[in-house]
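Below are my comments on the model you sent, set out as numbered points. I have kept to what can be read from the coordinates themselves.

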Amino acid sequence: YQRRVFFFFFFFFFFPISANSRISITQMPGYSDGAMLWPASELIARFLFLRELNLSGKRVVEVGSGTGFLGIVAAYLGAREVVLTDIGEQIALIQHNVEANRDLIPTTCRVSVCELAWGQHCECVAPPFDVILATEVVYMPQLFAPLNYTLSSLAAAGSVLLLGYRQRTLEDFAFWDECRINWWIVEVPRQKLVCCAPQDADAAPDSADGLPGPFRAFLMKFV
């Protein structure tokens, strides 16, 4: 019998939203990939602050929420309701981050955290939603079909999905082929993401245009 002891370290991410306010996100690198904030999430948050996707008065759900960061941004930007979803122990981390930023969330916005496994029925979160947010969720080919099922189950005609994406394998093409059955897909122009890229030294880009690797974003409408 060998006793194993695991140590988890907390890291904090601060996202300024005004001269005197910032969103504070607790991360747990080493606990799970979902317990840390990926650079792509910050880019998507900055894109949301351009307000080219109207969140005001909308029902919003985040799939694979991880730390809850994007859902908190959506609440701050005027969503009527935000549901943050993930699985397992991620739920506690999301709830912690929501409460840590409660003073930034308008009282008119209802925020909830729910466990939602991809491929299972979504009635627990009361779909459909006006806007679906998902970033860095296309990463395991065996999860492509369950993920597509969940994204479609959360939507109705006219629902918009903002998907942050980084290609990892050639098998990703199967994910997109299935997406095209139910979604009309438009890629966010790369120059819009470049202008959103953080300029601070702690967010060093992986590519020449300032983006973290081959990161792309898509606005997709359910048809």
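Which residues does T135 touch, once residues up to four places away in sequence are not counted?

1. The model under discussion is a predicted one, and T135 is a convenient place to enter it. Leaving aside residues up to four places away in sequence, T135 touches A40, S41, I44, L70, G164 and F215. T135 lies in strand β6, which covers residues 131-135, and T135 counts as buried because its relative accessible area is 8%, under the 20% cut-off.

2. On the chain as a whole, the secondary structure comes to six helices and nine strands, and buried residues make up 47% of the 223 residues. Among contacts between residues at least 6 apart in sequence, 71% join residues at least 24 apart. The accessible surface comes to about 11,400 Å², and 55% of that surface belongs to carbon and sulfur atoms.

3. Helix α3, residues 90-100, deserves a look for the way its buried residues are arranged, these being Q90, I91, L93, I94, N97 and V98. Around the helix axis they cover an arc of only 165°, and they therefore lie on the same side of α3. In general, an α-helix has 3.6 residues a turn, so residues three or four places apart point the same way. The elements against which the buried residues of α3 pack are β2 (22-27), α2 (69-76), β4 (81-86) and β5 (110-115).

4. The largest pocket has a volume of about 600 Å³. Of the 27 residues that line this pocket, G34, G64, D86, E136 and Y139 are the closest to its centre. Sorted by class, the lining of the largest pocket has 12 nonpolar, 10 polar and five charged residues.

5. E136, already named among the residues closest to the centre of the largest pocket, also calls for a check of its backbone, since E136 has a positive phi of about 55° although it is not a glycine. E136 is found in the loop between β6 and α4 (144-153), and E136 is classed as buried because its relative accessible area of 10% falls under 20%.

6. A positive phi also appears at R51, where the value is about 60° although the residue is not a glycine. R51 sits in the loop between α1 and β3, and R51 counts as exposed because its relative accessibility of 54% is over the 50% cut-off. As general background, most residues other than glycine have a negative phi, and most peptide bonds are trans.

7. The peptide bond from P127 to P128 should be noted as well, for it is cis, with omega near 10°. P128 has its place in the loop between β5 and β6.

8. Finally, F49 is found in the loop between α1 (39-48) and β3 (59-63), and F49 counts as partly exposed because its relative accessible area of 25% lies between the 20% and 50% limits. Not counting residues up to four places away in sequence, F49 touches F15, I17, V73, Y76 and L77. One of these partners, L77, is 28 residues apart from F49 in sequence, while the two are 7.7 Å apart in space, taken from C-alpha to C-alpha.

Methods
Residues are numbered from 1 along each chain as its sequence is written. This is a predicted model: local features need pLDDT of at least 70, side-chain atom pairs count only at pLDDT 80 or more; totals for chains, interfaces and linings use all residues. Side-chain values use heavy atoms; hydrogens and water are left out. On a 1 Å grid over the protein atoms alone, a cavity is a set of points where a 1.4 Å probe fits but cannot get out, and a pocket is an open set with protein on both sides within 12 Å along at least five of seven lines; lining residues have an atom within 4 Å of a point. Grid points are joined across faces, edges and corners, and a volume is the space filled by probe spheres set on the points. Ala, Val, Leu, Ile, Met, Phe, Trp, Tyr, Cys and Pro count as nonpolar, Asp, Glu, Lys and Arg as charged, and the others, Gly among them, as polar. Helices (H or I, at least four residues) and strands (E, at least two) are DSSP runs, numbered from the N terminus. Buried means under 20% relative accessible area, exposed over 50%, partly exposed in between (1.4 Å probe, protein chains only). Contact means heavy atoms within 4.5 Å. The arc is that of the directions from the helix axis to the C-beta atoms. Accessible areas come from the Shrake-Rupley method with a 1.4 Å probe; for residues, only the protein chains shown count as cover.
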